[in-house]
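Let's walk through this one together, one question at a time. Have the coordinates open in your favourite viewer as we go.

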Amino acid sequence: MMPALLVILVVVTIRTLTLNGSWEGVKFIFHPDFSKVTGKTILAAVGQVFFSLSLGMGALLTYGSYLSKKDNLFKSSISIPIIDTLVALLATIAIMPAVFAFNFEPAAGPSLIFVTLPAIFAQMPMGTFISVIFFTLMLFAALTSSISMLEGLVSYLIDRWHWKRFTATTAVAIVIFFLGIPCALSFGLLKDFSVLPGKTIFDSMDFIASNILSAE
């Protein structure tokens, strides 16, 4: 599924770069304004790295305990960050030029993927079909990421408290489900409710997880 998602992302990137006004977005990406780089910028970048590579979350530690002695950790520690960075850069090129082409707000955040990409798909042959495939693959990509983050806590309950895997997985999933409801509602019913100053519930939890807990 992930190679298929990557292929579609490449197709979207090519289509994005052919949109009128898209090159303003390319300039926005590759001509940074260093005068705006502050400590917060660096902290956000470090948080993104930790979050993207699942560092400090227990996922790598847990999965590492399952590896055999034949696995080459050094090679993986080099190839994974490189591939992760290249895919992230490709996704940026797929989205940001289209943001400028369609006059969207660049600072809209994570929701851009659900605003910009549908607009791009609408400009493509068989765009509806491709969009359904793309977002279905995105769903599975998010699900596999969720499983990796779930595994650390599940493994702890199994190893430390001797829970059965089904019981541990079910209990943790239920807790996360209910904790996720306020985050989902922060895009609608609770959009005006703030936890941290100027941040919705979703943005607050994202900030705490990406910039504080991961950095710790």
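Q: How many Å does helix α8 reach from its first C-alpha to its last?
A: Keep in mind that this is a predicted model. Helix α8 covers residues 165-185, which is 21 residues. At 1.5 Å a residue, the expected value is 30 Å, and the helix comes close to that, reaching 30 Å.

Q: At which residue in α8 does a kink lie?
A: Look shortly before proline 182. The kink there is about 25°, and it lies at leucine 179.

Q: Which residues of α8 are buried, and which of them are among the members of a core of 5 residues?
A: The buried residues in α8 are Ala168, Val172 and Cys183. Apart from the largest nonpolar core lies another core of 5 residues, and Leu150 and Leu157 are among its members. Also among them are two residues from α8, namely Ala168 and Val172.

Q: What is the arrangement of the rings of phenylalanine 177 and phenylalanine 178, and are these residues buried or exposed?
A: The ring centres lie 5.4 Å apart. The planes meet at 85°, over the 60 degrees cut-off, so the pair is edge-to-face. As for accessibility, phenylalanine 177 and phenylalanine 178 are both exposed.

Q: How many aromatic pairs are there, and why does the pair of phenylalanine 28 and phenylalanine 100 count as tilted?
A: The count comes to 9 aromatic pairs. For phenylalanine 28 and phenylalanine 100, the centres are 5.1 Å apart and the planes stand at 50°. That angle falls between the 30 and 60 degrees cut-offs, so this pair is tilted.

Q: Which helices hold phenylalanine 28 and phenylalanine 100?
A: The two residues are 72 residues apart in sequence, so their pair ties together separate parts of the chain. Phenylalanine 28 is partly exposed at 46% relative accessibility, and phenylalanine 100 is partly exposed at 26%. Phenylalanine 28 lies in α2 (residues 22-30) and phenylalanine 100 in α5 (residues 73-101).

Q: Which element gives the most to the largest nonpolar core?
A: This core has 21 residues, and Ile8, Val12, Ile95, Leu117, Ile120, Phe121 and Phe134 have the most contacts inside it. The elements giving two or more residues are α1 (2-17), α5, α6 (113-121) and α7. With 6 residues, the one that gives the most is α5.

Q: What covers the buried residues of α5?
A: The buried residues in α5 are Leu90, Ile93, Ala94, Ile95, Met96, Pro97, Ala98 and Val99. The elements that cover them include α1, α2 and α6.

Q: Which residues is phenylalanine 134 in contact with, leaving aside its neighbours within four places in sequence?
A: Ring pairs link Phe134 into a cluster with Phe114, Phe121 and Phe135. Phe134 is also among the residues with the most contacts inside the largest nonpolar core. Beyond its sequence neighbours, its contacts are Leu5, Ile8, Leu117 and Phe121.

Q: Are serine 54 and histidine 162 buried or exposed?
A: Serine 54, in the loop between α3 and α4, has a positive phi of about 60° although it is not a glycine. Histidine 162, in the loop between α7 and α8, also has a positive phi of about 60°. At 17% relative accessibility, serine 54 counts as buried. At 66%, histidine 162 counts as exposed.

Definitions and conventions:
Residues numbered from 1 in each chain as written. Predicted model: local features only at pLDDT ≥ 70, side-chain atom pairs only at ≥ 80, totals over all residues. Heavy atoms only, no water. Helix = DSSP H or I, 4+ residues; strand = E, 2+ residues; numbered from the N terminus. Expected span 1.5 Å × (residues − 1). Bend = angle between axes of the 7 residues up to and from the residue. Buried < 20%, exposed > 50% of the residue type's maximum accessible area, 1.4 Å probe, protein only. Phe/Tyr/Trp six-rings, centres within 6.5 Å; stacked < 30°, edge-to-face > 60°. Core = buried A, V, L, I, M, F, W, Y, C linked by side-chain atoms within 4.5 Å. Contact = heavy atoms within 4.5 Å.
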